[in-house]
Amino acid sequence: MTPEQIASTLLSCTCFMALVAWVSYRKTRGEVATQEGYFLAGRGLGPSFIAGSLLLTNLSAEQLIGLNGSAYGFDMSSMAWEVTAAVATIAMAFVFLPRYLSGAFVTLPQFLNERYDDSVRRMTVLLFMFGYGLVTIPSVLYSGSIAVLQLFDLPTMLQMSYGQSLVLTIFSIGCIGAMYAVFGGLKAVVVSDTLNGIGLLIVGIAVPLLGFAALGEGSIAQGVQTVASEYPEKLNAIGDRDSPTPFGTLFTGMILANLFYWCTNQYVIQRVLGARNLAAGQKGVLLSGFFKVLVPFFMMMPGIIAYHLYGPGLASIDLAYPRLISDVLPMYAMGFFLAVLLGAVFSSFNSLLNSAATLFCLDLYAPLKSKPLSDAQMVRMAKIASVVIAVFSFAIAPLLQFAPVGLWQIIRIFSGFYNIPVIAIVLVGLFTVRVPALGAKIVIVFHVVAYGLCQFVFDELITIHFLHLYAILFFVEVGIMLWVSAYRPRTNPGETRRPEPVEMTPWVYAVPCALTLLSCVVALYLLFSPLGLVGGFGPGFVAALTALLLANVVIWVVFTRREYALSRGEL
């Protein structure tokens with residue numbers, strides 16, 4: 001890039017980021033002085049803000065680089081991580097969200113404290129803080145910085161070494177992202193997420209279209225035809241044993257990993273806990289599920305296009321997306337793309353920072369105090385905690401480049417220490433009343449020890465996919481809790497009833513919307529399977545898709561007529 005192009009890119013990037021910051025400031029001014037305002041955006045979030053923030057919190061640079069790289073190097077099987085998340089959003093809307101909102105919880109450990117006891121609460125907070133502080137937050141900063149370095153060749157541009165450029169990029173991204181979380185609380189995070197989400201959708205639509213046009217020598221239709229007819233095996237989402245994500249894992253550990261992420265992970269569910277009512281929360285969660293179904297088109301199809309353009313000769317599969325961007329995106333749009341990329345990184349980083357501070361203040365700091373803290377004291381401590389956690393993550397993030405097994409492996413290994421025990425004790429807590437706190441404590445200790453042995457001692461003996469290992473540990477741990485309840489049942493099964501802080505009337509169209517979302521998941525797998533694109537659209541594909549369409553028409557007609565009859569008092 002010439003100096004003029006660099007200046008133009010930085011100027012347009014700065015302008016878009018300044019617009020996002022200004023709107024976020026206007027929307028949050030005077031609303032973060034209280035605990036509820038700082039941690040839950042005053043419980044006033046609507047569906048669009050919830051969906052936009054959930055989308056940007058979940059999608060970051062590692063997805064842009066990693067999913068496209070997986071599609072380039074292998075096939076579409078890794079879309080399972082994104083598409084099956086729609087099933088978890090349905091579970092959140094109907095099972096978890098009503099319980100969280102009716103209990104007026106701000107954090108997941110607060111629910112565990114009420115259902116079990118304070119020791120379980122503290123143990124889960126320590127698990128979350130360990131995972132967030134040592135891996136999740138630093139990995140978001142590191143992967144985002146790597147993406148910027150790859151896409152814009154910052155070491156050459158700045159005439160600095162790779163290590164120096166990495167540290168500078170991590171520090172710059174971290175400081176800007178931290179400002180949203182520290183000074184604006186959850187609402188600033190959510191507003192900026194939504195605005196950046198609009199930008200991400202624009203880029204997500206533009207890049208595949210530009211890629212198809214480049215592949216078709218100016219014709220988008222010809223590019224689509226080329227992708228559909230040549231190397232059809234690249235479009236297969238039904239992964240075998242050698243694929244990055246075997247299809248069988250969808251029904252074992254993957255559903256558990258997605259349930260943890262979308263239904264119990266504090267930094268994801270916190271924006272849903274800020275919903276103004278149950279209906280708004282359900283709309284936002286289900287809308288985010290529909291966005292997840294679109295992710296393969298935005299974040300994997302460019303990798304397929306890159307394979308058709310460049311063949312298998314790239315030095316690394318992770319270079320597929322950066323190479324495509326540099327070749328097809330007009331220079332005048334590079335600044336906007338950089339702003340969107342940074343926005344995605346900021347979103348995950350500041351969401352994690354805000355949630356880590358929330359967990360620390362409400363579940364560790366406040367319970368240690370002998371008397372209740374004022375709103376001003378709590379918000380002040382949250383800001384201090386955010387700064388400390390941010391600085392700590394600045395120090396850890398550059399060290400990830402020395403990980404011998406790579407970033408993705410590090411994330412996978414360490415997230416396994418806390419995701420399965422958390423979802424196990426939450427599910428058991430929701431659906432049983434006799435399991436005591438002792439069962440949850442045994443499971444947490446058992447999982448940390450057993451998982452650590454599986455990963456670091458017996459790793460060469462264990463040959464099953466790690467997602468299958470998740471499922472095995474989950475069922476063992478549920479069995480342990482049920483066994484404990486048989487011998488030491490809970491003696492006080494009654495739970496504290498709090499006044500409901502928001503309106504708890506469910507959204508009238510939640511059920512048909514959820515069924516349509518499930519249909520979209522099934523239809524997407526039909527499309528990217530031997531019945532669909534891979535096999536040339538056989539009669540089975542047409543029959544299955546027609547059946548799904550007719551079923552959805554019937555469902556919506558029935559529910560619409562029922563709602564109309566209810567509104568007229570006929571039922």
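How much area does the chain expose, and what share of it do carbon and sulfur atoms supply? About 23400 Å² is exposed, with 67% supplied by carbon and sulfur atoms (Shrake-Rupley method, 1.4 Å probe).

A note before the views: this is a predicted model, where local features need pLDDT of at least 70 and side-chain atom pairs count only at pLDDT 80 or more, while totals for chains, interfaces and linings use all residues. Residues are numbered from 1 along each chain as its sequence is written, and side-chain values use heavy atoms, leaving out hydrogens and water.

**View 1. The whole chain, with 24 helices and zero strands.** Helices here are DSSP runs of H or I with at least four residues, strands are E runs of at least two, and numbering starts from the N terminus. The radius of gyration is 24 Å, close to the 25 Å that the globule rule gives for 571 residues, so the chain is as compact as a globular protein of that length. That radius is taken over C-alpha atoms, and the rule is 2.2 Å times the number of residues to the power 0.38. The C-alpha trace spans about 70 × 60 × 60 Å along its principal axes. Of the 571 residues, 57% count as buried (under 20% relative accessible area; exposed is over 50%, partly exposed in between; 1.4 Å probe, protein chains only).

**View 2. Tyr 116 in the largest nonpolar core.** A nonpolar core is a set of buried Ala, Val, Leu, Ile, Met, Phe, Trp, Tyr and Cys residues joined through side-chain atoms within 4.5 Å. This one holds 167 residues, and Tyr 116 and Phe 528 touch the most other members. Leaving aside residues up to four places away in sequence, Tyr 116 touches a set of residues including Ile 425, Val 428, Pro 436 and Met 481 (contact means heavy atoms within 4.5 Å). There's also a second, separate core of eight residues, with Leu 362, Tyr 365, Met 381 and Ala 382 among them.

**View 3. Asn 419, tucked into the buried category.** Asn 419 is found in helix H20, which covers residues 419-431. Its relative accessibility is 4%, so Asn 419 counts as buried. Beyond residues up to four places away in sequence, Asn 419 touches Phe 260 and Tyr 470.

**View 4. Ser 316, in a loop between two helices.** The loop joins helix H15 (301-310) and helix H16 (320-328). Ser 316 counts as partly exposed because its relative accessibility is 30%. From Ser 316 to Lys 234 is 17 Å, C-alpha to C-alpha, with 82 residues of separation in sequence.
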